Amino acid sequence: MDYNDIYNNYNLDDSFDKIIEDSEKELREIFEKHEAISEFNQAKVLSAFNKNALQTSDFNSSTGYGYADTGRDTIENIFSSIFKAEDSLVRPSIVSGTHALSIVLFSLLNYGDKLLSITDDPYDTMQQVIGIAGNKKGTLLEKGILYDKLDLNDDGSIKYEEIKDKIDDKTKVILIQRSTGYSQRRAFTIEEIKKAIDEIRISNKDVIIFIDNCYGEFTEDKEPIEVGADIIAGSLIKNLGGGIAVTGGYITGKSDLIEYCSNTLTAPGIGKDEGLSFGTNRLVAEGLYFAPHVVKESIKVALLFASVFTKLGYEVTPSLEDPRSDIILAIKLEDPDKLKTFCKSIQEACTVDSTFIPEPYPMPGYEDPVIMAAGGFVEGATSELSADGPLREPYMAYLQGGLNYYHGKLALKIVLNRLKNNNLI
């Protein structure tokens, strides 16, 4: 097959074809491992659809209060089955992963209670929810909720032996952020999360263990509730949306905790009983159906980038030897021009808005200007190919998503050619 016409459209040469081909050969065994995980999770989703009798009528749209929105209830039951949870809250009115996490914290913490993060400070946007960054109104700290954190070891691992020393009689919720965020560590595996949960339970059997599950869903064959977490939350336009869900977030876990969250989202006395799905049930279900496959494709894209950039002398997180528990790849570029070129090249490779040129810009919820490359069928869907990074040392590019591997491979060729053309590689 002759790809020259296609490559000419992107002004590509073959300078990096050999290194990409070599990487693909070396990655076959790792790819097969993630194929197996994807197959398992696909069966899990299909079983949940069957168990909860998903029907065509569940895709009908309702009006008003949403009392007749049976599809909404079916979707939430499906989520509970997949995550082995007692109950779930899955709504388009949850606007993002940060919103889902915020709902949990404001629902479960009261004046004088303490939130303890044992995976260092959380992601930038959550720091503003807590009140340890920015100057926003209505933060947890402003409402008299206490906050403490446990730093990570130098290698990015959890200080398991020090968890007990951080828990006191005011500690009500312990937060574990599964994914890397804008840090330089890899995501925590389900096994590592279980080890942390076991340590917590030795000290306090009643504290609420809350997992920020964003970017981690379906990357392994288990989820955090299966190893003892009480409640987890995330976004539907990341892993679980499969590039199809147009908005929304989820919270799933113990039924009494979900009741608190639903009462915060709507009102006490209303809870989960009201709230339209606005005709999104089919898109949520279809996105969930595709999600195990899309997550696997995203991981394969990340692995290919990781292999090639490692060969070119760059530090990547996670490394090829590390276990994977989210879809994000961090590449340490150590140069603002490289970071800008990387993101602009990803934007050029996007399916939508490929002619846009991203520039660093102050973003809501972030302390530093951020350059973001994203152009997909769903705006902001990080299950689709995207990349971003804050303009701060060491100038990390965070690659996410990829609905299919071949798109990611083409994007890699574009990135490498643009870096080469700008004498940056």
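Which strands does H10 lie across, and at about what angle does H10 run to S9? Keep that question in mind while you get your bearings; the model on your screen is a predicted one.

**Stop 1: H10 and the five-stranded sheet**

Select H10, residues 281–311, and then show the strands beneath your selection. H10 lies across S8, S9 (329–332) and S12, and runs at about 20° to S9. Those strands belong to an open sheet of five, ordered S8-S9-S12-S11-S10 with antiparallel pairing. Colour S8 (315–317) and S10 next: these are the edge strands, and each pairs on one side only. From one strand to the next, the twist averages 20°.

For a close look at one pair, pick S11 and S12, which are joined by three bridges in the antiparallel sense. Here Ser386 stands opposite Gln400 in S12.

Now add H11, residues 336–349, which lies across S9, S10, S11 and S12. Its direction is at about 20° to S10.

**Stop 2: two cis prolines**

Stay with this sheet and visit two of its loops. Between S8 and S9 you will find Pro318, which is joined to Thr317 by a cis peptide bond with omega of about 0°. Between S11 and S12 sits Pro394; the bond from Glu393 to Pro394 is also cis, with omega of about 5°. As background, most peptide bonds are trans.

**Stop 3: the largest pocket**

Turn on a surface and centre the view on Met363, Tyr366, Met372, Gly380 and Thr382. Of the 49 residues that line the largest pocket, these lie nearest its centre. The pocket holds about 1,100 Å³ of space.

Which elements supply at least two residues each to this lining? They are H5 (97–108), H6 (124–130), S10 (370–374), S11 (386–390) and S12 (396–400). S10, already met as an edge strand, gives the largest share, with five residues. Colour the lining by class and you should count 27 nonpolar, 15 polar and seven charged residues.

**Stop 4: H3 against H10**

Go back to H10 and add H3, residues 28–51. The two helices pack at an angle of about 170°, with their axes 9 Å apart. Angles over 145 degrees count as roughly antiparallel, and H3 and H10 are therefore roughly antiparallel to each other.

Show side chains for the contact. On the H3 side, select Ile30, Phe31, His34, Glu35, Ser38, Asn41, Gln42, Val45, Leu46 and Phe49. On the H10 side, select Ala285, Leu288, Tyr289, Pro292, His293, Lys296, Ile299, Lys300 and Leu303. By class, the contact has 11 nonpolar, five polar and three charged residues.

**Stop 5: the largest cavity**

H10 leads on to another feature. The structure holds three cavities of 30 Å³ or more, and the largest of them has about 50 Å³ of space. To find it, select Arg72, Ile75, Val90, Arg91, Pro92, Leu236, Thr247, Ser277, Thr280, Asn281 and Val284, which line it. H4 (70–83), S1 and H10 are the elements that give two or more residues to this lining. Its residues divide into five nonpolar, four polar and two charged.

**Stop 6: the seven-stranded sheet**

S1 is your way into the other sheet on this tour. It is an open sheet of seven strands in the order S1-S7-S6-S5-S4-S2-S3, with mixed pairing. Why do S1 (87–91) and S3 (146–149) each have one side without a neighbour in the sheet? Both stand at the edges with a single partner strand, so one side of each is left free of a neighbour there. Neighbouring strands are turned by 20° against each other on average, direction ignored.

Zoom in on S6 (residues 231–235) and S7 (residues 249–253), an antiparallel pair joined by five bridges. Ile231 stands opposite Gly253 in S7.

Then bring in two helices that pack on this sheet. H8, residues 190–203, touches S4 (171–177) and S5 (208–212), and its direction makes about 160° with that of S5. H9, residues 255–265, touches S1, S5, S6 and S7, and its direction makes about 25° with that of S1.

**Last stop: Asn11**

Finish in the loop between H1 (4–10) and H2 (17–26), where Asn11 is found. Asn11 is not a glycine, yet its phi is positive, at about 55°. For context, most residues other than glycine have a negative phi.

Note on methods. Residues are numbered from 1 along each chain as its sequence is written. This is a predicted model: local features need pLDDT of at least 70, side-chain atom pairs count only at pLDDT 80 or more; totals for chains, interfaces and linings use all residues. Side-chain values use heavy atoms; hydrogens and water are left out. Axes are lines fitted to C-alpha atoms, for helices over the stretch in contact, and angles run from 0 to 180 degrees between N-to-C directions. Helices (H or I, at least four residues) and strands (E, at least two) are DSSP runs, numbered from the N terminus. Angles under 35 degrees count as roughly parallel, over 145 as roughly antiparallel, 65 to 115 as roughly perpendicular and the rest as oblique. Contact means heavy atoms within 4.5 Å. Ala, Val, Leu, Ile, Met, Phe, Trp, Tyr, Cys and Pro count as nonpolar, Asp, Glu, Lys and Arg as charged, and the others, Gly among them, as polar. On a 1 Å grid over the protein atoms alone, a cavity is a set of points where a 1.4 Å probe fits but cannot get out, and a pocket is an open set with protein on both sides within 12 Å along at least five of seven lines; lining residues have an atom within 4 Å of a point. Grid points are joined across faces, edges and corners, and a volume is the space filled by probe spheres set on the points. Two strands pair if DSSP finds at least two bridges between them.
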